[in-house]
Amino acid sequence: MKLTTIHLISLIVTLGLTMLPGIIEARKIKSADDYNVGGRSSGAGMVAGAIIGTIVGGAATIGTAQMGFKLGLAAWWFTLGSGIALIIMALFYAKPLRKSGLTTISEYLVINYGKGAGPVASISSAAGIFFSIVASTLTTLHLLAPLFGVSYFVAAIIMIVIVMGFVVFGGLKGSGLSGIFKLLLIFASIFVGGIIAYNNMGGLTGMHANFEPKFFSLVGGGVEKALYSLASMIIGVISTQTYVQALFSSKDSKTAMAGCMGAALVVIPVGLPSVVIGMYMRQYYPTINPIEALPMFLLTQLPEWLGGVGIAALLLSSVGSCGGLALGIGTMMSRDIFKAILHVEDSKKLLWINRACVLLATVLAIIFVFHHLDSLVLDWNYLSMALRGSGVFLPLTFAVFAPGKIAPRHGFVAMVVGVFVALTYKFFVPTAGNTLFPSLEVSGAILVVALIYGILKKK
């Protein structure tokens with residue numbers, strides 16, 4: 001993959017324009033609340049932008065094309081599952097979460113299950129989010145290094161600089177504004193690329209002539225894997241601090257619902273052109289590294305100026321997702337650990353602690369990726385979703401739909417046991433396909449028994 005002068009100019013101009021909102025917003029931020037939830041004044045567009053800016057990352061673009069190269073339509077599960085999760089969140093979770101007036105999922109769980117629930121939720125959520133950052137970091141380094149002909153170390157430095165421009169200084173509003181701009185770039189380049197790839201393969205007729213039937217099935221990778229992919233996305237998205245944080249930033253409950261629903265309708269189709277491009281590259285360039293399928297297509301099959309915009313969109317997708325997810329970790333660490341446990345009350349100190357945590361999470365993800373450079377992007381994302389959901393999803397759901405019905409000690413036990421099973425199940429059952437479902441079964445059983453016990457006790 002080689003950048004021409006036109007590619008490079010287009011790329012630099014696009015990146016500069018997209019980083020500008022984060023730099024501008026940084027001048028307006030005076031407190032941790034401004035940084036974390038934008039002063040709770042976001043409209044539906046900004047809520048949607050913050051969600052899209054994070055969820056449409058390297059996994060939704062480069063990772064989906066990589067999996068499309070290998071499996072075909074089954075790669076669509078990431079953005080399809082994300083969109084379904086956001087619809088569920090908009091319909092059932094947005095209103096009660098926004099009405100709470102809180103900032104983190106942990107704070108919501110503490111109200112229902114006691115102080116002990118806070119650290120458990122923060123640590124399990126942060127661990128899960130970390131692996132999503134790993135996925136986006138993996139795509140970013142594989143994109144930057146060959147494009148600019150630099151080492152992975154230099155690529156990592158470039159990535160850190162861009163993350164700082166997006167989120168470290170601009171916070172949630174900077175992330176939201178960049179997300180909106182990034183979406184426009186994706187539609188202008190990757191969707192155009194998908195149409196070109198589809199036509200060049202001869203449409204559906206030509207594709208069916210060159211690919212096995214399993215490439216056109218959502219369960220081409222196996223029914224169990226498809227169900228796991230869908231479940232992990234729904235559970236993981238609803239349990240993720242970054243997306244809930246976007247709801248908390250809205251000016252009211254209706255705005256939160258509208259922004260979340262708008263994000264869902266945009267996210268669902270985003271993966272399809274990446275799948276088509278992945279299949280195109282498999283047909284015409286079967287020997288390439290699958291993770292390079294999408295960037296190579298943009299550079300070789302689109303006009304140079306549009307290819308540069310497309311590469312910028314990929315960088316923005318990967319790095320913006322890293323920054324947005326790291327913002328979720330930073331918010332939890334600053335509020336649920338430093339403020340709630342270490343009693344740091346000064347808003348300016350919390351602001352800089354948050355920024356430092358965002359940067360630290362990014363650096364740690366880069367170090368981790370250096371040891372797993374040849375891994376599959378979406379595998380890390382699905383693991384991430386499972387870790388987030390194992391200790392948070394069901395306790396959060398019961399807190400939303402049955403407030404006050406679960407004794408705090410029972411809710412806390414369900415959280416701890418859920419995380420424990422997710423981390424240790426494969427040790428006891430090495431042949432297990434995943435740990436998400438077993439952890440949910442155990443956690444759910446505890447919560448259901450606790451709910452029935454609470455009802456009977458009141459009678």
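This report describes selected residues of a predicted model, going from aromatic pairs to a surface patch and then to single positions in the helices.

## Aromatic pairs

The structure holds 12 aromatic pairs. One of them joins tyrosine 280 and tyrosine 284, whose ring centres are 4.7 Å apart and whose planes make an angle of 45 degrees, a tilted arrangement. Both tyrosines belong to helix α13, which covers residues 253-284. They are four residues apart, about one turn of the helix. Their exposure can be stated for each residue in turn. Tyrosine 280 has a relative accessibility of 6% and therefore counts as buried. Tyrosine 284 has 39% and so counts as partly exposed.

Phenylalanine 368 and tryptophan 380 form another pair, with ring centres 5.4 Å apart. Their planes stand at 80 degrees, which is why the pair is classed as edge-to-face, the cut-off for that class being over 60 degrees. This pair links distant parts of the chain, with the two positions 12 residues apart in numbering. Phenylalanine 368 sits in helix α16 (residues 347-369), and tryptophan 380 sits in helix α17 (residues 377-401). Phenylalanine 368 counts as partly exposed because its relative accessibility is 23%. Tryptophan 380, with a relative accessible area of 14%, is buried; the limit for that label is under 20%.

The phenylalanine 368 and tryptophan 380 rings also belong to a cluster. Ring pairs connect them with Phe130 and Phe131.

## The loop between α16 and α17

Aspartate 374 lies in the loop that runs between α16 and α17. With 77% relative accessibility, aspartate 374 counts as exposed. Its C-alpha atom is 15 Å from that of phenylalanine 131, although the two residues are 243 residues apart in sequence. Phenylalanine 131 is one of the residues in the ring cluster described above.

## A nonpolar surface patch

Which residues form the nonpolar patch on the surface? They are Phe153, Val154, Ile157, Val161 and Phe370, and together they have about 430 Å² of accessible area. Phenylalanine 153 is part of helix α8, residues 152-168. Its relative accessibility is 55%, so phenylalanine 153 counts as exposed.

## Buried positions in helices

Is threonine 362 in helix α16 buried or exposed? Threonine 362 is buried, with a relative accessible area of 1%. Apart from neighbours within four places in sequence, threonine 362 is in contact with Met159, Val163 and Ala326.

Serine 106 belongs to helix α6, residues 105-113. This serine also counts as buried, at 1% relative accessibility. The side chain of serine 106 makes a polar contact of 2.8 Å with the side chain of serine 122. With neighbours within four places in sequence left aside, the contacts of serine 106 are Gly118, Ala121, Ser122 and Asp336. Ser122 thus appears both in this contact list and as the partner in the polar contact.

Alanine 312 is located in helix α15, residues 304-339. Its relative accessible area is 0%, so alanine 312 is buried. Residues up to four places away in sequence not counted, alanine 312 touches Leu11, Thr14 and Leu15. In addition, the C-alpha atoms of alanine 312 and glycine 16 are 9.9 Å apart.

## Partly exposed positions in helices

Proline 119 lies in helix α7, residues 117-148. At 24% relative accessibility, proline 119 counts as partly exposed. Lysine 225 lies in helix α11, residues 223-238. Lysine 225 has a relative accessibility of 40% and likewise counts as partly exposed.

## Separation in sequence and in space

The table sets sequence separation beside C-alpha to C-alpha distance for pairs that include residues discussed above.

| Residue pair | Separation in sequence | C-alpha to C-alpha distance |
|---|---|---|
| Aspartate 374 and phenylalanine 131 | 243 residues | 15 Å |
| Proline 119 and valine 429 | 310 residues | 28 Å |
| Alanine 312 and glycine 16 | 296 residues | 9.9 Å |
| Lysine 225 and alanine 74 | 151 residues | 9.5 Å |

How values were computed. Residues numbered from 1 in each chain as written. Predicted model: local features only at pLDDT ≥ 70, side-chain atom pairs only at ≥ 80, totals over all residues. Heavy atoms only, no water. Patch = residues over 30% accessible without salt bridge, like charges linked within 9 Å, V, L, I, M, F, W, Y side chains within 5 Å. Areas by Shrake-Rupley, 256 points an atom, 1.4 Å probe, with all protein chains shown as cover. Salt bridge = Lys/Arg side-chain N within 4 Å of Asp/Glu carboxyl O. Buried < 20%, exposed > 50% of the residue type's maximum accessible area, 1.4 Å probe, protein only. Phe/Tyr/Trp six-rings, centres within 6.5 Å; stacked < 30°, edge-to-face > 60°. Contact = heavy atoms within 4.5 Å. Polar contact = N/O pair within 3.5 Å; in protein donor to acceptor, adjacent residues only side chain to side chain.
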